[in-house]
Each structure stands twice: as structure tokens, then as C-alpha cells.
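Subject: Structure for your review

Dear colleague,

Please find below the structure that I am handing over to you, together with its sequence. My account of what was found in it follows directly after.

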Amino acid sequence: MRYELHDSRVLTWSLEAHVTTHCNLRCVQCCPLSPHLPAWAVAPAALGEDLRKLARVLKPNIFKLTGGEPFLHPDLPAVLDTVRASGISEQVSITTNGFLAQSAPDAVYERLDRMTLSVYTSAPLPERSITRITERCERHGVHLTVKHIDAFQRITPDAPLTSDADVQDVFAKCWLKQRCHLVYRGRFFTCTRPPHVATVLAAEHPHLPALAEADGLPLDSPDLLSRLLGYLERDTPLATCRHCLGSSGPWEPHAQLPRARATS
Ligand code: SF4
Ligand code: SF4
């Protein structure tokens with residue numbers, strides 16, 4: 001895919017930030033691997049620093065706060081103020097499973113343009129909660145999209161792909177590399193997978209190369225605009241693609257992992 005420029009900024013569909021890595025659900029095949037990651041919340045100042053660098057060369061149509069579950073962040077209004085101040089995008093959205101959204105402070109709703117509410121059959125949000133969230137979005141002028149999700153596409157393979165041709169095929173067919181751009185801890189990623197696959201695999205396979213470093217573009221790179229364009233328009237797979245099915249995996253009924261047992 002080729003990208004257009006406007007005022008020396010690359011025009012893209014969206015950019016997201018994982019403002020938390022932990023979640024109050026444990027969906028099987030969670031794309032950002034939340035159930036397998038340690039708890040973490042972004043520092044607003046650090047995100048702001050990344051976004052200021054990126055906003056000089058990137059203009060996403062929409063900026064999304066995702067996670068994990070973003071409503072678990074301890075100071076979402078500060079995060080949202082940071083995003084606005086960066087000027088990265090005119091549209092700011094949040095993606096949530098909804099369980100904490102109904103009771104979030106007005107200060108969050110006041111700072112949003114859009115909300116995507118994912119309602120899973122394996123952990124259904126009560127109808128009264130959807131009604132309450134809908135009312136609050138209407139009151140604050142937030143455009144709400146409710147997605148009812150009863151299936152997921154397998155994205156994590158049981159074992160690394162062994163064939164280079166399979167890796168190339170998964171990458172070539174993967175739509176996430178255009179729709180799910182991520183800024184995370186000082187790097188830009190063409191999809192949301194590398195830093196989290198890296199964290200999970202590093203625990204099991206310490207000999208593996210650092211996937212997040214191999215696959216992420218550092219935001220303090222010289223000549224960031226041309227490097228960003230080259231990175232986005234590449235035809236070669238990421239190192240992480242060997243550990244991912246992208247959008248090529250089979251569809252399966254949505255399900256939750258068992259709760260992790262507390263250790264003493
Ligand atoms: S609600 Fe979203 S972030 Fe949380 S476990 Fe499910 S898919 Fe992952
Ligand atoms: S790691 Fe590769 S296959 Fe997986 S989502 Fe990213 S680009 Fe697609």
C-alpha cells in the first residue's frame with residue numbers, strides 16, 4: 001500500500017495507544033495479549049512526548065485509546081488532555097468492554113469524540129449498562145458504536161510458522177498492518193502485536209531476538225518522515241509475523257480464559 005502526504009505528514013486511517021496493558025476480562029485470542037501481560041499504565045507525559053514527535057510526520061484520521069481496558073487507567077482525563085495537546089488527530093476515540101465506562105467521571109466523556117463499545121457473548125455487558133453508557137454519550141455528544149462480538153479470529157499460532165512463504169503470505173494478507181497502527185513506549189508499530197508478543201515470548205524463549213526493537217520504528221530516528229514512509233510501505237514481513245496469524249486465522253466462538261489463580 002502507498003500512503004499520501006499532507007503538509008509533510010503521512011495520512012493514515014488511525015493510530016492507537018495502549019494506555020493500559022491489563023484488562024478486567026480475559027478473552028481468548030485477545031489481540032494485544034492482555035491476559036498474559038503484567039499490569040501497566042502509560043504515564044501521560046511520556047505518551048505526550050511520543051505524540052509530539054509523531055505528530056510532525058503523521059496525521060491519523062482518528063486517535064484511539066485502547067488497551068487492555070483503558071478505563072482501568074488511573075487518570076484518563078490527563079491522558080486525553082495530553083492527546084489533544086499533541087495535535088495528532090482531530091478525532092479522539094476510546095475502545096472499551098464497557099464494564100467501567102458507565103461509572104467513569106464526566107471529565108472523561110467531556111474529552112471524547114467517539115466511543116466503541118465491544119460487547120462479548122462470553123462476558124455480556126448487562127443491557128442496563130449499555131443503556132446508561134448510551135445516555136451518557138448522548139449527553140456529552142460522544143458518537144457511540146456498539147459492536148456485538150460472538151466470535152474471534154485466532155491470531156496467535158500454537159507454534160512459530162516454520163515456512164518463510166507462510167510468513168510472507170500472512171503478512172501480505174494482514175489488514176491490521178494498515179488499520180491498527182500503534183505508538184508504544186517511544187516507537188511506532190504498523191500493528192499492535194510486536195511489543196506484546198515480544199513480552200510474552202521473551203518469558204518463554206529468552207534466546208529470541210528483541211521483536212519490539214526489530215519491528216518498531218524509534219521516534220527519535222533522524223529523517224523520521226522518510227523512514228516512516230519506508231516502514232509503512234514495506235513488502236517484507238515483520239519479525240513478529242512468524243509468531244502471528246494476522247487476519248488469516250480461523251474463526252472460533254468467543255470465549256474467556258479461566259481466571260488466573262492467586263499465588264501465595
Ligand atoms: S476486553 Fe479487549 S483487551 Fe480485554 S481481554 Fe478482551 S479483547 Fe483483550
Ligand atoms: S505481526 Fe504481522 S501478521 Fe501479525 S498483525 Fe502484525 S503485520 Fe499482521
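S8 lies in the loop between β1 and β2. In this predicted model, S8 has a positive phi of about 60 degrees, although it is not a glycine. D7 is found in that loop between β1 (5-6) and β2 as well, and its phi, near 50 degrees, is likewise positive in a residue other than glycine. Most residues other than glycine have a negative phi. Are these two residues buried or exposed? D7 counts as exposed because it has 6 C-beta neighbours inside 10 Å. S8 also counts as exposed, because its C-beta neighbours inside 10 Å number 9; the limit for an exposed residue is 12 or fewer.

A further backbone feature concerns the peptide bond between G67 and G68, which is cis, with omega about 20 degrees. Most peptide bonds are trans. G68 has its place in the loop between β3 and α2. Both glycines also belong to the surroundings of ligand 1, as described further below.

The parallel strands may be taken in order. Strand β3 (residues 58-66) runs parallel to strand β4 (residues 92-96), and three bridges join them. Within this pair, F63 stands opposite V92 of β4. Between β3 and β4 the chain passes through helix α2 (residues 76-86), and this β-α-β crossover is right-handed.

Strand β4 is in turn joined by four bridges to strand β5 (residues 114-120), again in parallel. Here S93 has R114 in β5 as its bridge partner. On its other pairing, β5 is parallel to strand β6 (residues 143-149), over seven bridges. M115 is matched there with L144 in β6. The chain crosses from β5 to β6 through α4, and this β-α-β crossover is right-handed.

R114 deserves a separate word. This residue lies in strand β5 and is partly exposed, because 17 other C-beta atoms lie within 10 Å. Leaving aside residues up to four places away in sequence, R114 touches Q91, S93, V142 and H143. The C-alpha atoms of R114 and C137 are separated by 8.5 Å, although the two residues are 23 residues apart along the chain.

Turning to the interior, which residues have the most contacts inside the largest nonpolar core? They are L54, V79 and V183, in a core of 35 residues. The elements that give two or more residues to this core are β2 (9-18), α1 (44-55), β3, α2, β5, α4 (127-140), β8 (181-184) and β9 (187-189). The largest share, four residues, comes from α2. L54 touches I88, V183, F188 and L219, not counting residues up to four places away in sequence. There is also a second, separate core of 18 residues, which includes Y120, F171, A198 and C241.

A198 appears again in helix α7 (residues 194-204), where P194, P195, H196, V197 and A198 are buried. The cover over the buried residues of α7 includes β8, β9 and α8 (211-215).

Two ligands are present, and their surroundings are as follows.

Ligand 1 is surrounded by C23, L25, R26, C27, C30, P32, S34, P35, G67, G68, E69 and N97. The cis peptide bond between G67 and G68 therefore joins two residues of this shell. By class, the shell around ligand 1 has six nonpolar, four polar and two charged residues.

Which residues are found around ligand 2? They are V170, F171, C174, L176, K177, C191, R193, L238, T240, C241, C244 and G246. Helices α5 (164-173) and α6 (176-179) each supply at least two residues of this shell. By class, the shell around ligand 2 has eight nonpolar, two polar and two charged residues. F171 and C241 of this shell are also included in the second core.

Yours sincerely

Conventions
Residues are numbered from 1 along each chain as its sequence is written. Chains are lettered from A and ligands numbered from 1 in the order in which they are written. This is a predicted model: local features need pLDDT of at least 70, side-chain atom pairs count only at pLDDT 80 or more; totals for chains, interfaces and linings use all residues. Two strands pair if DSSP finds at least two bridges between them. A crossover is right-handed if, with the strands pointing away from the viewer, the path from the first strand over the helix to the second runs clockwise. A residue is near a molecule or strand if its C-beta atom, placed from the backbone, lies within 6 Å of it. Ala, Val, Leu, Ile, Met, Phe, Trp, Tyr, Cys and Pro count as nonpolar, Asp, Glu, Lys and Arg as charged, and the others, Gly among them, as polar. A nonpolar core is a set of buried Ala, Val, Leu, Ile, Met, Phe, Trp, Tyr and Cys residues joined through C-beta atoms within 7 Å. A residue is buried if 20 or more other C-beta atoms lie within 10 Å of its own, exposed if 12 or fewer, and partly exposed in between; C-beta atoms are placed from the backbone. Two residues are in contact if their C-beta atoms, placed from the backbone, lie within 7 Å.
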